[in-house]
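Hello,

Here is the structure I promised you. Please open it first, then read my notes with it on screen.

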Amino acid sequence: MAWGFAAMGVVETLVHTYDIAQGAQRDGKPPEDLSRRALVRLFPDVPMIGDASSTLLWATGRIGSPERPRRTSWRWYGAPRRRQ
């Protein structure tokens with residue numbers, strides 16, 4: 001199965017739900033478990049700082065902090081990987 005492709009769908013759902021929630025002045029923070037799994041699969045180069053949901057939002061350019069300025073460009077890695 002194309003796990004990278006499925007993970008991309010998860011990330012799209014999580015971050016766009018966050019975007020919509022922000023527009024409605026709601027929290028919308030993604031669930032930790034899904035955020036962690038998506039980070040491991042699609043963003044292997046991104047170090048997790050703090051919780052997984054904040055790291056995912058940072059990795060996709062949604063948020064920034066004094067320690068991590070907001071990203072203006074990013075890329076996920078959805079290519080097939082060998083099973084370990």
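One term before we start. Helices are DSSP runs of H or I with at least four residues, strands are DSSP runs of E with at least two, and both are numbered from the N terminus. With those labels, Gly78 can be placed: it sits in the segment after α3. Please remember that this is a predicted model.

**The core**

Start inside. The largest nonpolar core has 16 residues. Val11, Leu39, Leu42, Phe43, Leu56 and Ala59 are the members that touch the most others. Which elements give two or more residues to this core? They are α1 (3–23), α2 (32–42) and α3 (52–59).

Now look at α2. Its buried residues include Ser35, Ala38 and Leu39, along with Arg41 and Leu42. The buried residues of this helix pack against α1 and α3.

Then turn to α3. This helix is mostly covered, with 7 of its 8 residues buried. They are Ala52, Ser53, Thr55, Leu56, Leu57, Trp58 and Ala59. Against which helices do they pack? The buried residues of α3 pack against α1 and α2.

**Leu42 and Gly78**

Leu42 deserves a click. Setting aside residues up to four places away in sequence, Leu42 touches Gly4, Ala7, Met8 and Val11. On the same terms, Leu42 also touches Arg75, Trp76, Tyr77 and Gly78.

Follow that last contact to Gly78. Is Gly78 buried, partly exposed or exposed? Its relative accessible area is 23%. Buried means under 20% and exposed means over 50%, so Gly78 counts as partly exposed. Beyond its neighbours within four places in sequence, Gly78 is in contact with Gly4, Met8, Arg41 and Leu42. Gly50 is another matter: 28 residues separate Gly78 from Gly50 in sequence, and their C-alpha atoms are 24 Å apart in space.

**The aromatic rings**

There are 2 aromatic pairs in the structure. Take Phe43 and Trp74. Their ring centres are 5.8 Å apart and their planes meet at 50°, so this pair is tilted. The pair links distant parts of the chain, with the two residues 31 places apart. Phe43 is in the loop between α2 and α3, and Trp74 is in the segment after α3.

How covered are the two partners? Phe43 is buried, with a relative accessible area of 1%. Trp74 is partly exposed, at 32%.

Trp74 also pairs with Trp76. Here the ring centres are 5.7 Å apart and the planes are at 70°, so the pair is edge-to-face. Phe43, Trp74 and Trp76 form one aromatic cluster.

**Trp58 and Pro69**

Which residue lies over the face of Trp58? Arg68 does, at 3.9 Å from the ring centre. Trp58 has a contact with Pro69 as well. Not counting residues up to four places away in sequence, Pro69 touches Trp58 and Gly64. Pro69 lies in the segment after α3. It is exposed, with a relative accessible area of 58%. Compare its place with that of Ala52: the two are 17 residues apart along the chain, and their C-alpha atoms are separated by 17 Å.

**A pocket**

Have a look at the second largest pocket. Its volume is about 210 Å³. What lines it? Trp3, Ala6, Ala7 and Val10 do, together with Leu34, Arg37, Ala38 and Arg41. The elements that give two or more residues to this lining are α1 and α2.

**Two backbone angles**

Last stop: the backbone. Most residues other than glycine have a negative phi. Gln25 is not a glycine, yet its phi is positive, near 55°. Find Gln25 in the loop between α1 and α2. It is exposed, with a relative accessible area of 71%. The other angle belongs to a glycine. Gly61 follows α3, and its phi is positive, near 75°.

**Where to click**

If time is short, try three places. See Leu42, which is among the core members that touch the most others. See the cluster of Phe43, Trp74 and Trp76. See Arg68 over the face of Trp58.

Best wishes

Definitions and conventions: Residues numbered from 1 in each chain as written. Predicted model: local features only at pLDDT ≥ 70, side-chain atom pairs only at ≥ 80, totals over all residues. Heavy atoms only, no water. Core = buried A, V, L, I, M, F, W, Y, C linked by side-chain atoms within 4.5 Å. Buried < 20%, exposed > 50% of the residue type's maximum accessible area, 1.4 Å probe, protein only. Contact = heavy atoms within 4.5 Å. Phe/Tyr/Trp six-rings, centres within 6.5 Å; stacked < 30°, edge-to-face > 60°. Lys NZ or Arg CZ within 6 Å of the ring centre and 35° of its normal. 1 Å grid on protein atoms, 1.4 Å probe; cavity = no way out; pocket = protein on both sides within 12 Å on 5 of 7 lines; lining within 4 Å. Points joined across faces, edges and corners; volume = space filled by probe spheres on them.
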